[in-house]
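Here's a quick tour of one chain, going from the overall build down to a couple of individual residues. Have the sequence and the model open as you read.

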Amino acid sequence: MTVVNENDFRKTLQERELPLPYLTQLRINNQEVKAGDTSGVLDRAFAFTHELDLAHDQNNVVFGFALADYTQRFSHRTFRYRLEGFDKDWVETDQPEAHYTNLPPSRYRFQVGISLPQGPAAGHTVSLPVRIHAPWYATWWAFCLYLAVFGGCVLYFIYNRIAKRTLALSLEKERFEKQQIERLNQEKLVFFTNVSHEFRTPLTLIISHIDLLLQKPSLSPVVYNQVLKIRKNAYQLNNLITELLEFRKLTQHHKELQVAQQDILNFVKENYLSFVDQARLRNITYTFDQPDTPVLCWFDASLMERVFSNLISNAFKYTPDGGSIRLSGRQTGEEVEISIADTGIGIAEVSDRCGFSTPVYFSQCFKKQYGMTPQAYRKQQVTAPA
């Protein structure tokens with residue numbers, strides 16, 4: 001039961017104690033918040049809340065307040081409020097509400113009091129701490145993460161620049177070393193070419209004197225044949241020197257073929273005859289079997305001469321005195337088979353996946369002269385379209 005005495009309305013303010021205002025209502029983002037609702041902001045009535053804890057997106061707030069004194073209803077009085085940390089001065093209003101929008105994340109203190117005609121009522125103020133949290137991307141640990149990422153980017157940039165600089169210096173050093181090697185090779189090649197050219201002059205004189213010697217009719221047939229072999233080897237040496245002088249003109253690792261059609265068995269026989277005297281001196285049985293019909297082939301005579309000379313020379317190198325060396329040649333269909341068999345230690349065999357088998361020495365010699373191995377050449381022939 002509420003009892004009101006008419007005499008209480010006639011008392012002055014000094015005759016009674018001025019009551020405190022209290023908070024009545026809270027609205028966030030234009031939605032009223034009550035204790036225990038889904039927002040989770042209030043766990044008790046707003047008037048009994050000691051601190052307001054809000055998220056970063058709950059920054060539009062309306063505070064409602066009132067004065068619990070019916071005797072002041074007909075007297076002139078106003079409310080005064082302030083959000084400490086946001087408002088610089090007190091705000092006086094007749095409306096029992098305080099509106100705040102877009103509050104930045106921070107800690108505040110909402111204060112509300114009474115203003116009388118003679119001035120503010122000192123000591124009659126209610127305050128409520130308010131905290132608005134920052135979003136996750138504006139928290140201290142987020143800024144630490146940003147700083148770490150920025151620092152990582154700076155370190156990566158520095159490391160990348162250093163790595164590029166190191167790589168550039170390494171490439172520059174490699175290029176310089178390559179230039180030095182090329183320059184040294186060029187100097188060696190020039191020296192080698194000049195020396196080869198000096199060899200050619202006395203060799204030319206030797207050949208000319210051999211030709212003069214062959215023109216003498218007084219030479220016996222045995223001496224004539226020996227001098228003729230000397231002349232053949234001298235011309236072969238002269239051809240080698242000519243190739244050395246042309247070495248600087250080569251643009252690839254193998255020489256361009258100068259092919260011509262001739263009897264390959266007679267060509268092999270000329271190389272065979274160059275080693276007859278050596279076979280006689282070492283008591284080696286040295287024979288060459290060939291058919292009576294000529295076998296015409298297209299080949300580079302200068303290169304094939306070197307191939308057969310090296311093969312026959314190796315046969316003599318690895319055949320003991322009193323042994324035998326047999327050369328033979330035959331035509332099988334569109335192919336020509338030339339074989340050199342001896343009683344020496346032999347040469348290792350190398351096989352490829354296609355089943356072809358070729359002596360190692362001949363394979364290396366073929367690659368040196370023609371830029372590919374015999375196996376690769378045969379594979380091209382097998383896989384080439386008809």
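How much area does the chain expose, and what percentage of it do carbon and sulfur atoms supply? The exposed area comes to about 26700 Å², and carbon and sulfur atoms supply 56% of that. Bear in mind that this is a predicted model.

As for the overall build, the chain has seven helices and 16 strands. It runs to 386 residues, and 29% of them count as buried. If you take the contacts with a separation of 6 or more, 65% come from residues 24 or more positions apart.

Now for the surface. There's a nonpolar patch made up of Trp136, Tyr137, Trp140, Trp141, Phe143, Leu145, Tyr146 and Val149. Together these residues have about 960 Å² of accessible area. One of them, Tyr137, sits in the loop between β9 (119-132) and α1 (140-214).

Asn238 is worth a look too, this time in helix α2, which spans residues 221-245. Here are the two residues side by side:

| Residue | Relative accessible area | Status |
|---|---|---|
| Tyr137 | 45% | partly exposed |
| Asn238 | 12% | buried |

Why does Asn238 count as buried? Its relative accessibility is 12%, and buried means under 20%, so Asn238 makes the cut. Tyr137, at 45%, is partly exposed, because that label covers values between the 20% and 50% cut-offs.

And what does Asn238 touch, leaving aside its neighbours within four places in sequence? Its contacts are Arg200, Leu203, Thr204 and Ile207.

Definitions and conventions:
Residues numbered from 1 in each chain as written. Predicted model: local features only at pLDDT ≥ 70, side-chain atom pairs only at ≥ 80, totals over all residues. Heavy atoms only, no water. Helix = DSSP H or I, 4+ residues; strand = E, 2+ residues; numbered from the N terminus. Buried < 20%, exposed > 50% of the residue type's maximum accessible area, 1.4 Å probe, protein only. Contact = heavy atoms within 4.5 Å. Areas by Shrake-Rupley, 256 points an atom, 1.4 Å probe, with all protein chains shown as cover. Patch = residues over 30% accessible without salt bridge, like charges linked within 9 Å, V, L, I, M, F, W, Y side chains within 5 Å. Salt bridge = Lys/Arg side-chain N within 4 Å of Asp/Glu carboxyl O.
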